[in-house]
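Reader: Hi! Could you walk me through this structure in plain words?
Author: Happy to, let's have a look together.

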Amino acid sequence: MDNIERIWKNTQEELKITLAPAIFQTFVLKTQLISIENNLAIIGCPNTYSVDFNKKRHYDIIKNALDNQTKNDNILNFIVQENLKTDFDTANNTPLFSYSPNRVTNSSLHPKYTFENLIVGNSNNFAFAAAQSIVKNPGLSYNPFFIWGGVGVGKTHLMQAIGHELLKKNPDLKIKYFSAESFGNELISALKTKTMNQFKEKYRNLDCILVDDIQFIAGKEYTQQEFFHTFNALHMNGKQVILTSDRKPSEIDHLEDRLVSRFMGGLTVDIQLPDYEMRIAIISQKIEEKGIQITPEAVEFLANNIESNIREIEGKLQQITIQSLAQQTGEIDLTFIQNFFNPSSASNNFNLTTTKLNPRHIISVCAKHFNIKTSDLCGKSRKKELVNARHITAYLLLTQINLPLEEVGHLLGGRDHTSIMHARDKIQNDFSTNPQTRQLINQIKNTF
């Protein structure tokens, strides 16, 4: 058993380097090598969805990593085995037993906003690493810790996860989560009721404050003044201050210079919109929470086409779940998802199933966009400008009308399916990480 655990731990370490962080966390971290005999490896997954996804999407990469450890040519069999993992302390990788996020506290922390439920990927991995350092050395590593980014990118989740993790280490810590707006409202109430001493004592005797949407104190002179003194009292005593905003401190209009200076005195990090791999992981996590069944192809379709924030992803999934239950669909497949979106609606910008959207039309639009001949796009030439246009065309044929790999290869000059897979993966990665590629592809899609 010890040997099996060692083999799987080493296999996971290799996969951790190979796979995107969000994909590894969602589909590989929670797996377990149950047995390996006669080159047959039985791998336990927490649910049927993980079994299906690993079998269809990760079989080769997991097999290669395991083969490297065993020096054998293994066959993989994925099965459901629930309760594979004990909850772990994310910062120290040690089991947790004493703290439950659901217990009643005065911290105002949401029980679901923990590190265990946080998807980590390219858009937030630096902020996550900084958060782990804060947990190890609160008040010392990064103080204040200022997190900024657009709506629905996970700022509040990350901030509250730090609070939960600090309470795991020391349940006696006085931690308080609150919004900047509620701070201002409570200040006004304290002024009216002449209870300012109680107000100051409440906030200045905490060990850690988690303040959401700090931009809302901008332009409010007295609120800024009181928060400045609260900030100073905590900071000078080595207490941790964590703030979120929709923009960096220097870009918050009508915020006092002394507050801007204080906020930028620690570590300022931004969180971007989730990339493709993170969207895959987020969707997978949400469907597991909702207990619905959905095919990997349908998940990938959603991840490719919902390019906004986490809240929009959750909203779409909620609508899909309700419609699926109403229609008694059972497992949600690609056809159901495609039919769910109304192609005539200007609000969704998918334009997936209009009568003119067929392989030849997509190829023609791509050729026109890149100012090249259709015959060259579908020809044998390996000129750099043609290869890039061909890769994008292949990506669009696969993602917009879901043609099989072999058919796309046939259309684009008789190329084999591995070349088309390479093109898809390359553009998919560029789409997730390169804003220029994302803008280019969206421009082409808008002309379909």
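Reader: What covers the buried residues of α5?
Author: The cover includes β6 (145-149), α6 (155-169), β9 (240-245) and β10 (267-271). Helices (H or I, at least four residues) and strands (E, at least two) are DSSP runs, numbered from the N terminus. Contact means heavy atoms within 4.5 Å. This is a predicted model, where local features need pLDDT of at least 70 and side-chain atom pairs count only at pLDDT 80 or more, while totals for chains, interfaces and linings use all residues. Residues are numbered from 1 along each chain as its sequence is written, and side-chain values use heavy atoms, with hydrogens and water left out.

Reader: Cool. Which residues in α5 are buried?
Author: They are Ala127, Phe128, Ala130, Ala131, Gln132, Ile134 and Val135. Buried means under 20% relative accessible area, exposed is over 50%, and partly exposed lies in between (1.4 Å probe, protein chains only).

Reader: And how far apart are the end C-alpha atoms of α5?
Author: They are 17 Å apart, which agrees with the 16 Å that its 12 residues (125-136) should span at 1.5 Å a residue. The expected span is 1.5 Å times one less than the number of residues.

Reader: You mentioned some strands. What is the strand order in the open sheet?
Author: The order is β7-β8-β9-β6-β10, 5 strands with parallel pairing. At the edges are β7 (175-179) and β10, each of which pairs on one side only. Two strands pair if DSSP finds at least two bridges between them.

Reader: How many bridges do β6 and β10 have?
Author: They pair in the parallel sense over 5 bridges. As one detail, Gly149 stands opposite Ile271 in β10.

Reader: What holds paired strands together in general?
Author: Strands of a sheet pair through backbone hydrogen bonds, either parallel or antiparallel.

Reader: New topic! How many aromatic pairs are there?
Author: A search of the whole structure gives 14. Rings of Phe, Tyr and Trp (its six-membered ring) pair if their centres lie within 6.5 Å; planes under 30 degrees apart count as stacked, over 60 as edge-to-face and the rest as tilted. One of the pairs is Phe27 with Phe53: the centres are 4.3 Å apart and the planes at 10°, so this pair is stacked. Phe27 lies in α2 (residues 21-28) and Phe53 in α3 (residues 48-57), so the pair ties together parts that are 26 residues apart in sequence.

Reader: Are Phe27 and Phe53 buried or exposed?
Author: Both Phe27 and Phe53 are buried. There is also Phe115 with Phe128, whose ring centres are 5.4 Å apart with planes at 90°, so that pair is edge-to-face. Phe115 is in the loop between β5 (94-95) and α5, while Phe128 is in α5, so the pair ties together parts that are 13 residues apart in sequence.

Reader: Why does Phe128 count as buried?
Author: Because its relative accessibility is 12%. Its partner Phe115 is buried too, with a relative accessible area of 3%.

Reader: Nice. Which residues form the aromatic cluster?
Author: Phe146, Phe178, Phe183, Phe199, Tyr203, Phe227, Phe231 and Phe263 form one cluster.

Reader: Last one: where does Gln215 lie?
Author: Gln215 is in the loop between β8 (208-212) and α9 (221-236). Gln215 is buried, with a relative accessible area of 9%. Leaving out residues up to four places away in sequence, Gln215 touches Thr244, Ser245, Asp246, Arg247 and Ile252.
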